Protein chains: 4
Amino acid sequence: MSTPTPPADPTGTSAAPSAAPESTSEQDFSDLRAMYINCTLKRSPELSHTEGIVDASAAIMMKHGVQVEVLRAVDHDIATGVQPDMTEHGWARDEWPRIMGDVLASDILVIAGPIWLGDNSSVTKRVIERLYSYSGMTNDQGQYLYYGRVAGAIITGNEDGIKHCSSNILYSLQHIGYTIPPQADCGWIGEAGPGPSYLDPGSGGPENEFTQRNTTFMTWNLMHLAKLLKDAGGFPAGGNDRGAWDAGARFDYENPEYR
Amino acid sequence: MSTPTPPADPTGTSAAPSAAPESTSEQDFSDLRAMYINCTLKRSPELSHTEGIVDASAAIMMKHGVQVEVLRAVDHDIATGVQPDMTEHGWARDEWPRIMGDVLASDILVIAGPIWLGDNSSVTKRVIERLYSYSGMTNDQGQYLYYGRVAGAIITGNEDGIKHCSSNILYSLQHIGYTIPPQADCGWIGEAGPGPSYLDPGSGGPENEFTQRNTTFMTWNLMHLAKLLKDAGGFPAGGNDRGAWDAGARFDYENPEYR
Amino acid sequence: MSTPTPPADPTGTSAAPSAAPESTSEQDFSDLRAMYINCTLKRSPELSHTEGIVDASAAIMMKHGVQVEVLRAVDHDIATGVQPDMTEHGWARDEWPRIMGDVLASDILVIAGPIWLGDNSSVTKRVIERLYSYSGMTNDQGQYLYYGRVAGAIITGNEDGIKHCSSNILYSLQHIGYTIPPQADCGWIGEAGPGPSYLDPGSGGPENEFTQRNTTFMTWNLMHLAKLLKDAGGFPAGGNDRGAWDAGARFDYENPEYR
Amino acid sequence: MSTPTPPADPTGTSAAPSAAPESTSEQDFSDLRAMYINCTLKRSPELSHTEGIVDASAAIMMKHGVQVEVLRAVDHDIATGVQPDMTEHGWARDEWPRIMGDVLASDILVIAGPIWLGDNSSVTKRVIERLYSYSGMTNDQGQYLYYGRVAGAIITGNEDGIKHCSSNILYSLQHIGYTIPPQADCGWIGEAGPGPSYLDPGSGGPENEFTQRNTTFMTWNLMHLAKLLKDAGGFPAGGNDRGAWDAGARFDYENPEYR
């Protein structure tokens, strides 16, 4: 259930609808780079419904100068495991280290994927495991490698599970160092039960205004926050330096007095 | 499983531990306000183990000038429902509208709570429902009311479930407009099975360096991001104005061409 | 996404649709008792959409002689906490111990509730906490109190989250001793985004064949399994006696040889 | 948090610890077959900590005559997708159809796996997707193929997430037709933060009585319920025949009267 319409405003901060500012062109996002990883189970050139929303979001970014890459994970030979390069651990091939270069070159990461049995796909989980495999590394501020970057999630299914799946993706990404802007997910599902998928004729998906709005707000919020962090020179340093912590710094942490 | 130590660095961005910068005093957070809502099931003055970590986090903030409020939700008569003021919907009492004033006066919100059967407590869920009851309102930028604020989560239990519980809290808060910094949760649990709780003698909780580190990093990241957003005058406007959307603005959203 | 239609049957066990056996009257379930706890946030006499599906399921049971009770939890003064009787822990009132008598008199328990922000309601969580508060007790076989009973879940919302919410309910109930039959949940949600609720005119909810089917199969499976366990004199004893375990029995458990 | 010790027994059904019945040999489970699928990310012969608990559970079953198979999924070439045989959908190899034969020959299925970032592994998700790919098929009663079988879950990690992971596995399995006995999961995690894994020297895992007890009870409950269903000739028919439903049978379902 969503967005109750409150009958009163005890806080005094609500406002009349503002005039529609269609011209948002003053913002310059051209120094940003974004990467969308589509975790569909289907290999190219099969149609991925998830890619429909990915494309809608990416189009907004590209109109504003963001350099965008879309990668379909299942088309690549990504090994199973939680080490940075699994070829050093017995796997014959592993494309992840190369993909990882693009992830780290991007200010914005969006994980997109389908819903199966109400949960994220095995491909989504593998991508998260491989992102995690680099999570022990730090940047030159001593922060984890992903600090200073922002993340979002796109989910499609024909039945049920956007919030469950997004929640897992966004939690995982903030856990390894990404910053999450407001309303950082979007998606589409149909009514309870089997039915058409997002890009199927008559699904109503592309015309769903709620999905359109969430896609738009997510996309803008990702750009805004990425820009803010980039202009700040990354996520602010201080109190989040793993190397310093390991060397004994405690950044004013003290156990409270009890007992 | 946590923080694998990667054997190699294909990206070239990892660094030697930096020197411990204990002096972080140059940052000024004295214009920030933080609120911790403790969602323990136990009413005062019963001991809340969760409050042990709340206090440790709040102490860091206070040392840096942040004005901090800690509220134990179960001590207050918060009505059940999803309307802003439930006294207008048949409930004799509802302290939430008053609490909400403090929430909106705060730049930082931390929801803290226990784990029961692996999940958040009923009090945690009620607090989230009541935060949600204001989620349809907008600020004078047309953004949802909570934009420009940051949020975190603190979880304690004696067995299992920090990530599951935090994930639900952080997802809920970003969904209604909060921004989530990196590593925005912390907590403590003991080994599988019943055992001492965080503040019980011999639990090992307060001495757990992992919990200490996560608490510290979460706290600093909340302060940094709140400061960044405050100095920016709130979350950047553009593409996230609900009033304008409803009035017809689409912020460059277009359905992609298919079929 | 749901129920792929497999193009082949490598196992040889699939079958042509069997003839419709409308006459199922030979089964006698008249010694069974069922309890539905509706965890809507709305107090009577407000309309609960969840109750629409509860009533459909209960009607099937009653037609087959099952004695059914439907309880709306929010109408009752159920205290917060995890002890059997919270009046012994500082609460002025607590209706749970009385409700618990009905729970224990029932062979079938169905927890029903709404979705808020993708998750179970605070009332659902409180009911689970109070069920849990009796989970340390054992029956005269040394099994936990809830052994020999079966459970299901009913979820409604207008957007997203049936599987997430059901999963939490069913997990919690099997954890404390209930047996879960196949396809033990059902529910209804509409397309992504705000929209009509189940009983709203034009929602399509009551006419949704998927919801009807899941409701029907869940209901029958609950009756069948409750009957099977009742006829067996409860869940079979042996290897699940908590008292005996505490007294030293290990029921053939041995640590495997390693190291 | 787990197993509160209730100070009182308002229900009158609690009992003194029964004498330890070590002799449970009267039960005959020799017509049962069980399959454990270990979803570790590590290929043989690397040590799987999860297998430590798998072996402990399997040993109990074998002592009682159950025929047991343990399969490590990552050692097999299981294709990605949700069709029964992915070689018909463009994949060069797919060992799943052969594995599926063993799944269907088993009365008991236990999915075992590790925790990564608080969630199930990508291998666990792939196995669930492939089980799901057969979920549209029915047996000769018109029931889904998995009816009449029982399932459990085993989870290991060094930090946090048993209940979250088990919940997803058990939910998925009941959704496709498995029956879930009481307390159908077990596992081991250590205190919050990185630390030794289950089979590491000094982990305390194998000696953890809570883990031992849950493993034992799960194992026995799986055997009991599998036996009960086997002796009943499968899950009882009536009201759960998909073919008959599709042919128009409604098994006494009627929409309740509203509006």
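## The contact between chains C and A

The contact draws on 30 residues from chain C and 30 residues from chain A. The model is a predicted one. Between them, chain C and chain A bury about 2500 Å², and carbon and sulfur atoms account for 56% of that area.

## Polar pairs across the interface

The interface of chain C and chain A holds 2 salt bridges. In a salt bridge between the side chains of K163(C) and E159(A), the distance from N to O is 2.4 Å. Polar contacts join 17 residue pairs across the interface of chain C and chain A, counting pairs in which both residues are at pLDDT 80 or more.

## The side contributed by chain C

On the side of chain C that touches chain A, at least two residues come from each of β3 (108-116), α4 (162-175), β6 (185-188) and α5 (209-231) of chain C. By residue type, this side of chain C consists of 15 polar, 11 nonpolar and 4 charged residues.

## Symmetry of the pair

How are chain C and chain A related in space? Chain C is superposed on chain A by a rotation of 180 degrees, with 0.0 Å of shift along the axis and an RMSD of 0.0 Å. This is the relation of a two-fold axis. The residue of chain C that comes closest to the rotation axis is E191(C), whose C-alpha lies at 2.2 Å.

The interface residues follow this arrangement: 100% of those of chain C are also interface residues in chain A, so the copies meet through the same surface.

Notes: Residues are numbered from 1 along each chain as its sequence is written. Chains are lettered from A and ligands numbered from 1 in the order in which they are written. This is a predicted model: local features need pLDDT of at least 70, side-chain atom pairs count only at pLDDT 80 or more; totals for chains, interfaces and linings use all residues. Side-chain values use heavy atoms; hydrogens and water are left out. Contact means heavy atoms within 4.5 Å. Buried area is the accessible area (1.4 Å probe) that two parts lose on being put together, summed over both. A salt bridge is a side-chain nitrogen of Lys or Arg within 4 Å of a carboxyl oxygen of Asp or Glu. A polar contact is a pair of N or O atoms within 3.5 Å; within protein, one must be able to donate a hydrogen and the other to accept it, and residues adjacent in sequence count only if both atoms are side-chain atoms. Helices (H or I, at least four residues) and strands (E, at least two) are DSSP runs, numbered from the N terminus. Ala, Val, Leu, Ile, Met, Phe, Trp, Tyr, Cys and Pro count as nonpolar, Asp, Glu, Lys and Arg as charged, and the others, Gly among them, as polar. Copies are superposed by least squares on the C-alpha atoms of residues with pLDDT of at least 70 in both.
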